[in-house]
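Let's work through some exercises on pockets together. Have the sequence and the model open beside you.

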Amino acid sequence: MQTTGHALAAADRSLQVEYAIRDVVLPARELEAQGHEVLKLNIGDPIPYGFQPPQHMLDALAQAVAAGHNGYTASEGDPEFVDAIVRREQRRNGVSYDASDVIVGTGVTEVLQMLLGASILPGDEVLIPGPAYPPYDSLVKYFGGTPVHYATLEEEDWQPDVDDVRAKLTDRTKAVCLINPNNPTGALYPETVVKSFADLVGEHQDHAFLVSDEIYDDMTFDGRQVASATVAPDVPMVTLNGMSKVYLVPGWRLGHSLWNDPTGSLAQIKEGVLKVARNRICASSIAQKAAAAALDGPQDHVTAMNDALRVRRDFTVKRLNEIDGIHCARPDGAFYAFPRVESLVDGSGPWKDDKEFVLDYLREEKVLAVHGSGFDPEYGRDHFRIVILPDTDILGAAFDRLEAFLQRRLSP
Ligand SMILES: Cc1ncc(COP(=O)(O)O)c(C=O)c1O
């Protein structure tokens, strides 16, 4: 933007915030402005691809408006919604929470913001999966902490390297984050892995707690997701969950934290979160009413959604692995794939890095993916992320173009 006078200084903490997923949107918009149609495989929103929440959720939202629920709610959440969350935890995971263990926010992203804002002190380190949903890294930095990324292993379908977690867990570690299933890899962690994390945090619970992001919990294709709180009731832990993915309403902006605090070590941090929550008033009143109905109501849409996604996952893995120079591990949950570009790994291709690769693929083939280094400069590099949400015709077209692109650009 052009400034006509003196530009006031912005805080560095804001200018350093990066969000790779939206960063690639600008060049795509330019192409669209020139009249090109772009296949967008970049954003984790199921709605543009034909997935819709079930009718009973939409009816519940309309009823909430008609019933006049237009005022503020309690800052920690509408009690009806909070109770429905508690019931879901009992039903799905067999974990008994009290209503006071729940704090509702405008999406997991805000809940994470409040949690990290309340817990990070100067010098604190936060362990984050490499690669991970970008706000984990950027919010830790924003609040003056140091993100420390631990390895996840592609050759083991992106399971975490527990030895690496152990090596990086120090006296400076404040929180250890687990994202299960993971974005961007789609990895689903078995109970043994979840238990290893819990045990490690348990050994360091005088200065650390576990953050377990379970926003994709019921979005799995082969096995069931194990909630961290079921395997480690004795470990200080904050579970994050929300309505954006499994309930297909990302625009309603609802997420929540669940507090598991066996020894009271999280009491101050929770008080801090509550103060911040009061200061920003509340999440949407009508969305909370409708979300309560959604949690208690029929869940058939989950099976239908996973059946559709499984077909798309199978197609994606098979087709991508047929392409010379691409390797794709199998995602077991969420709705992403995270393929590797071999010519980036061995440097034999014409691209400087994965971002240049993704932008070239966009310009030449009009397909928008996200560069892997945007999810982690070390553990995500030489990869790209796509969503597996479109139907197989669209995915097929994107992969055909990828194959043609690679053949053309890599031919001697
Ligand atoms: C792991 C993870 N956590 C949280 C979010 C954000 O969720 P919300 O829409 O509730 O802010 C996402 C969205 O992509 C995600 O992948």
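**Exercise 1.** Find which helices each supply at least two residues of the lining of the largest pocket.

Solution. Start with the helices: α2 (20-23), α6 (108-119) and α7 (135-142) each supply at least two lining residues. Helices here are DSSP runs (H or I, at least four residues), numbered from the N terminus. Next, rank them: α7 gives the largest share, four residues.

A word on the source: this is a predicted model, where local features need pLDDT of at least 70, side-chain atom pairs count only at pLDDT 80 or more, and totals for chains, interfaces and linings use all residues. Residues are numbered from 1 along each chain as its sequence is written, and side-chain values use heavy atoms, with hydrogens and water left out.

**Exercise 2.** Work out where the largest pocket lies with respect to domain 1 and domain 2.

Solution. First, locate the centre: of 28 lining residues, Y19, T109, Y133, K245 and R253 lie nearest to it. Then look at the domains: domain 1 (12-51 + 301-410) and domain 2 (55-296) both contribute to the lining, so the largest pocket lies between them. These bounds come from an automatic or database domain assignment.

**Exercise 3.** Describe the lining of the second largest pocket.

Solution. Begin with the 17 lining residues, of which E18, D137, K141, S373 and G374 lie nearest the centre. Now trace the helices: α2 and α7 each supply at least two residues, and α7 gives the most, with three. Finally, check the domains: at least three residues come from each of domain 1 and domain 2.

For both pockets, the term means an open set of points on a 1 Å grid over the protein atoms alone, where a 1.4 Å probe fits, with protein on both sides within 12 Å along at least five of seven lines; lining residues have an atom within 4 Å of a point.
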